[in-house]
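Trainee: I'm new to this one, so please take a close look with me at a single part, the largest pocket.

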Amino acid sequence: MLRHSLGPSGARFLASRAKAAKASPVFDLGWDQLRKELLSAPLALPQLKKLDLKYGRSTDGSTGARHFHKNHFAALRYQNPELIVSSKGCKETKVPTVFLELRSGESTELKVGGERQISILRRVLSAAGAADDQIERAVHAAEAQEERLSQLRREKEERYKKVMAIKHETWTI
């Protein structure tokens with residue numbers, strides 16, 4: 001009845017509204033979550049021109065450097081688009097080293113063998129001229145991220161144990 005009282009243009013209006021309501025849903029590709037992760041730690045370093053990391057692929061003293069590369073390089077690149085960032089993992093490298101070059105031309109070499117990724121991050125930020133409060137916020141965010149990742153690993157391990165227990169039950173029947 002409503003259709004007749006609206007006339008032809010009103011019916012078209014209602015039809016277009018119904019069509020808009022049935023429109024396909026917008027898919028979330030996860031860009032907001034990725035951007036949130038990349039911006040979680042304040043790593044903007046305008047004085048830093050170049051950062052080069054060299055570490056061994058399998059030596060015990062390089063674990064922190066490898067984790068630093070894995071967990072912080074993407075955020076450093078995202079927050080400092082003009083920064084030249086490079087890394088190299090090779091068998092010949094015995095002591096992991098971070099080379100920093102500032103815009104003023106000053107160069108710094110940090111030996112980071114045997115250090116955790118958090119202390120490497122703290123040293124890099126300090127050598128790049130970051131303020132103390134920025135360093136503390138970045139370290140706090142990195143520690144929170146490390147805790148989240150370890151919690152996810154524990155949950156994954158628990159799920160794996162449950163699946164294996166179920167498989168074991170079905171094999172014994």
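Mentor: Here is the pocket, followed by one of the helices.

This is a predicted model, so local features need pLDDT of at least 70 and side-chain atom pairs count only at pLDDT 80 or more, while totals for chains, interfaces and linings use all residues. Residues are numbered from 1 along each chain as its sequence is written, and side-chain values use heavy atoms, leaving out hydrogens and water.

Okay, the largest pocket holds about 170 Å³ of space. (On a 1 Å grid over the protein atoms alone, a pocket is an open set of points where a 1.4 Å probe fits, with protein on both sides within 12 Å along at least five of seven lines; lining residues have an atom within 4 Å of a point. The volume is what probe spheres set on the points fill, with points joined across faces, edges and corners.)

Fourteen residues line the pocket, and Glu37, Leu38, Asn71, Ala75 and Gln145 sit closest to its centre. Two or more lining residues come from each of H2 (31-38), H3 (63-79) and H5 (132-172); helices here are DSSP runs (H or I, at least four residues), numbered from the N terminus. H3 gives the largest share, five residues.

By class, the lining has eight nonpolar residues, four polar and two charged (Asp, Glu, Lys and Arg count as charged; Ala, Val, Leu, Ile, Met, Phe, Trp, Tyr, Cys and Pro as nonpolar; the others, Gly among them, as polar).

Now peek at H2: Asp32 and Arg35 both lie there, three residues apart, about one helix turn. Their side chains meet in a salt bridge, 3.2 Å from N to O (a Lys or Arg side-chain nitrogen within 4 Å of an Asp or Glu carboxyl oxygen).
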